[in-house]
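Me: I have a model open in my viewer and would love a close look at one part of it. Could you pick out a single helix, walk me through its surroundings, and then place it in the wider picture?

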Amino acid sequence: MTAVLVIEDDDRIRLALLLALEDEGYDALGAATAEEGLRAQRRDPADYVLVDLMLPGLDGFECIRQLRRDDDVPIVVVSARDDTHDIVAALEAGADDYLVKPVAIKELTARLRALRRRARTGVVGPAPDAVPVLAFGELEISPDAGEVRRAGQPVAVTRTEFRLLCELAEHAGRVLSRQQLLQRVWGYDSGDERLVDVHVGRLRQKIEPDPATPRHLVTLRGLGYKLQR
Amino acid sequence: MRRLGLRTRVIATFAVGALLLAASMALVSYELTRRSLIDERERTALRAAYFDATVVRAGIDTDTPDVVEVLRSLDTGGGRRPVLHLNGEWYGRNADPGITTAIPADLRRVVASGEPAVQRVLVDGQPALVVGVPLSPTATFFEVNSLRELEQTFDVLALALTTVAVLVAGSGAALGWYATRHGLRPLTAVADAAEKIAAGDFTARLDPATDPDLTRLSSSFNQMVDRLAHRIERDRRFAADVSHELRSPLQTLAAAASVLARRREHQDERTAIAAGLVADEIDRFQRLVNDLIDLARSDQPAHRAPVDVVALARDACHTLDLPASLVRLAPDVPVTWQVERRRVAQILANLLDNAVTYGGGPTTLLLSRDGGVGVIEVEDDGPGVPVEDREVIFDRFVRGRAAHTRGAGDGTGLGLALVAQHAAAHTGHVTVTDRPGGGARFRVTLPESLT
């Protein structure tokens, strides 16, 4: 059974989310504070974490950072705040997706399923053994092994970052628009392009020798992104 | 005609004022100088003529006078030419016929009657002064005084006065320019501050210490900005608080409603109906809150980026379970427009939703252009919109008459208001007309979205 950890300080919202998620077949566990959530995740890691941003004590942003430090569990922010500033900050802290309250349960479970498809075995495209390693200069991507190496050294990327990198690598040298990437990586028909921009930024920090002047993962103004040698 | 600017008007007034003043001063000085010089010249000429006349009278008072020799003996310099009329004959120093014709007949008659006289005439086009002195019943003496030098003096004087007048007028204009520049400098500061504030910088203030005369303006301006900034901040915080406070309980309701909906088959009929009503209203309430928050925010200008509007239109159809074949792109219209994706997506969704709810479903979604203006048109073959409603339907919380009669009102009443506001954010607007053959046609213009 898929386990979901819900970190939400509002008792009623937490209870309602746990009930609804259990109805949808998830094994849901609640935590009222970030500290409690972090302890629970360390003790018994869930498959997904839902985080509210406004939490007493340790706030949601810090909670995301600490969760991200430990592993690559998909993190979804569920917040009533929808300022650009909050959205970008939460994504930069390491969140995989951002949903604004109120979220319909159908929408929430659809997002979780999309994240699940993003698991490393879910890479679409040519048969994995046909392209064991995709090389971009000193950058090597092994879609089937779920590994990224730079100059021979393994690079730690989250599942979403890995999926994004594979999608760009499969279409090496070709431009993918933000909407195409949103659809292929996050499963959105039409979504928030900041999701793509922030993830590309995070990916650059990990794979580019100089993230400010990217060589491999380049932006094409008004068109989208391209991975090149 | 466009009204001239304050600065231009002040400079022109200064220049014209200075010119009028300088010109009248110059004219008066010129006239006074001219008159006194001419009077002086006349007196001098008269005195000299009397003196010469005495010499000539003595010279011709003999039996056989050598008139020419007498005239030649006169010390007249270059400026005076003596002429004698004796016994019906004209005598001059040289054979000079022109000079006698220059002496007007009126003058001759007056002098011949025994009266000395003075008259200004033109000799060979040159100004001159003729003085006539009677010597005896048969002899009259005339002297023609050239006024050329005097006229030259007047010319120089006129030139000097004109130059001064022009210079004074120029100085007046310069003074006006300087005065307005200094006078308007505080207004420039006000304009700069107002521009900054309009651009969203609420830290802009005027320095009340710059000019004591403008302290009142500065302090009331600053007070106004303080209040405005305070009010905007309060509104912003209120909107943020309201959205947060409404969204949080809605999350609980949405999750709880989905739990109820899953258990519909275990509920008795009355409970199921009540649970269905709760779920529907929560859904509507959610949309209402989202529309309200959007409406509160959408008065800012659009953040334009290249957007594939055809794909966006097809997505909008897909979301409302409408066929993508509704979407038509006019010939020679590119698929990529410079617009804000979120806003245009909402325009499309709300227009289609409106056509579904009130127009019996959309018949066409046409994307076309009018020069650089992107045009979105959604048509339906429903009852159309009565002429008197064509403005008000874009106001907030107005719903179609059909909805009232049917009592179904599923919309939030904000859909078309949001369309209008999103169009305005792109400096465009939305109108509704009759569709040829019945139904309504909604037309949204998005200027500067095509280049």
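Reply: Happy to; what follows starts with one helix of chain A, moves to its neighbours, and ends with chain B. Please keep in mind that this is a predicted model.

Let's take helix 4 of chain A, which covers residues 84–93. Which of its residues are buried? They are Ile87(A), Ala90(A), Leu91(A) and Ala93(A). Looking down the axis of helix 4 of chain A, you will find these buried residues within an arc of 160°, so they line one face of the helix. The general pattern behind this is familiar: an α-helix has 3.6 residues a turn, so residues three or four places apart point the same way. Turn to the other side of helix 4 of chain A and you meet Thr84(A) and His85(A), both exposed.

What does the buried face pack against? The buried residues of helix 4 of chain A have four partners in the chain: helix 3 (60–70), strand 4 (75–79), strand 5 (97–100) and helix 8 (194–207). Just after helix 4 of chain A comes Gly94(A), with a positive phi of about 130°.

One of those partners, helix 3 of chain A, has a helical neighbour too. Its axis and that of helix 2 (residues 34–43) of chain A come within 10 Å, crossing at roughly 15°. With that angle under 35 degrees, helix 2 of chain A counts as roughly parallel to helix 3 of chain A. The handedness of this crossing is right-handed. From helix 2 of chain A, the contact takes in Ala34(A), Gly37(A), Leu38(A), Gln41(A) and Arg42(A), and these meet Gly60(A), Glu62(A), Cys63(A), Gln66(A), Leu67(A) and Asp70(A) of helix 3 of chain A. Sorted by class, the contact of the two helices has 4 nonpolar, 4 polar and 3 charged residues.

Stepping back, chain A as a whole comes to 8 helices and 11 strands. It has 229 residues, of which 42% count as buried. Among the contacts in chain A with a separation of 6 or more, 55% join residues 24 or more positions apart.

Now for the partner chain. Contact between the chains involves 18 residues of chain A and 19 residues of chain B. On the side of chain A that touches chain B, helix 1 (residues 11–23) of chain A gives the most, with 7 residues. That side of chain A divides into 10 nonpolar, 2 polar and 6 charged residues.

Chain B itself has 11 helices and 12 strands, and 29% of its 451 residues are buried. Within chain B, residues 24 or more positions apart make up 60% of the contacts with a separation of 6 or more.

Chain B also offers a helix pair to set beside the one in chain A. The axes of helix 6 (residues 215–262) of chain B and helix 7 (residues 269–297) of chain B come within 10 Å and cross at roughly 155°. These two helices are therefore roughly antiparallel to each other, and their crossing is left-handed. Residues of helix 6 of chain B in this contact include Leu246(B), Leu250(B) and Leu253(B), while those of helix 7 of chain B include Val278(B), Ile282(B) and Phe285(B). By class, this contact has 16 nonpolar, 2 polar and 1 charged residues.

Key
Residues are numbered from 1 along each chain as its sequence is written. Chains are lettered from A and ligands numbered from 1 in the order in which they are written. This is a predicted model: local features need pLDDT of at least 70, side-chain atom pairs count only at pLDDT 80 or more; totals for chains, interfaces and linings use all residues. Axes are lines fitted to C-alpha atoms, for helices over the stretch in contact, and angles run from 0 to 180 degrees between N-to-C directions. Angles under 35 degrees count as roughly parallel, over 145 as roughly antiparallel, 65 to 115 as roughly perpendicular and the rest as oblique. A crossing is left-handed if the near helix is turned anticlockwise from the far one by less than a right angle, and right-handed if clockwise. Two residues are in contact if their C-beta atoms, placed from the backbone, lie within 7 Å. Ala, Val, Leu, Ile, Met, Phe, Trp, Tyr, Cys and Pro count as nonpolar, Asp, Glu, Lys and Arg as charged, and the others, Gly among them, as polar. A residue is buried if 20 or more other C-beta atoms lie within 10 Å of its own, exposed if 12 or fewer, and partly exposed in between; C-beta atoms are placed from the backbone. The arc is that of the directions from the helix axis to the C-beta atoms.
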